[in-house]
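Please open the model in your viewer, switch to a cartoon representation, and keep a selection panel at hand for the stops that follow.

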Amino acid sequence: MALPKTCSFRDKDFDCPLPPSYIISVVNNGEEYMIAVVCQDHRNQMENWLMDMQSVGKIPSGKIKFQEIKLVVTDCIRDSDDDNSLM
Ligand SMILES: [Zn+2]
């Protein structure tokens with residue numbers, strides 16, 4: 001699944017340009033619905049906003065879950081540092 005490149009938080013004219021740190025989903029009857037992504041700064045604001053959305057029925061009710069986005073680390077080609085131990 002392709003994730004948005006920026007935080008989903010919006011406020012009037014403001015679009016958050018930061019890369020997201022969390023995937024937000026709602027767990028409802030064992031099903032998990034991805035709702036948005038959010039950066040570290042807007043996590044609390046986004047959670048409040050989502051609870052508002054749930055109270056008016058815009059998104060499914062259920063537990064709001066924040067899942068940390070793990071950056072893909074490419075550490076497979078790093079053998080030069082440890083070579084000395086073989087000598
Ligand atoms: Zn943000």
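The tour goes from the whole chain to the sheet, then to its strand pairs and to the helix.

Begin with the entire protein chain, bearing in mind that this is a predicted model. Colouring by secondary structure should bring out 1 helix and 5 strands, which follow one another along the sequence in the pattern β-β-β-β-α-β. Of the 87 residues in the chain, 13% count as buried, and among contacts with a separation of 6 or more, 47% are between residues 24 or more positions apart.

Next, select the open sheet, in which 3 strands are arranged in the order β4-β3-β5 with antiparallel pairing. Its edge strands are β4, residues 31-38, and β5, residues 63-68, each of which pairs on one side only. If you look at how neighbouring strands of this sheet are turned against each other, the average is 30 degrees with direction ignored.

Now select β3, residues 22-28, and show the backbone atoms, since strands of a sheet pair through backbone hydrogen bonds. Towards β5, with which β3 runs antiparallel, there are 6 bridges, and Y22 has E68 of β5 as its bridge partner. Towards β4, also antiparallel to β3, there are 7 bridges, and V26 is partnered with Y33 of β4.

Then move to the hairpin of β3 and β4, where 2 residues lie between the strands and N29 takes a positive phi near 55 degrees.

Finally, select helix α1, residues 43-55, which lies across β3, β4 and β5 and runs at about 135 degrees to β4.

Note on methods
Residues are numbered from 1 along each chain as its sequence is written. This is a predicted model: local features need pLDDT of at least 70, side-chain atom pairs count only at pLDDT 80 or more; totals for chains, interfaces and linings use all residues. Two strands pair if DSSP finds at least two bridges between them. Helices (H or I, at least four residues) and strands (E, at least two) are DSSP runs, numbered from the N terminus. Axes are lines fitted to C-alpha atoms, for helices over the stretch in contact, and angles run from 0 to 180 degrees between N-to-C directions. Two residues are in contact if their C-beta atoms, placed from the backbone, lie within 7 Å. A residue is buried if 20 or more other C-beta atoms lie within 10 Å of its own, exposed if 12 or fewer, and partly exposed in between; C-beta atoms are placed from the backbone.
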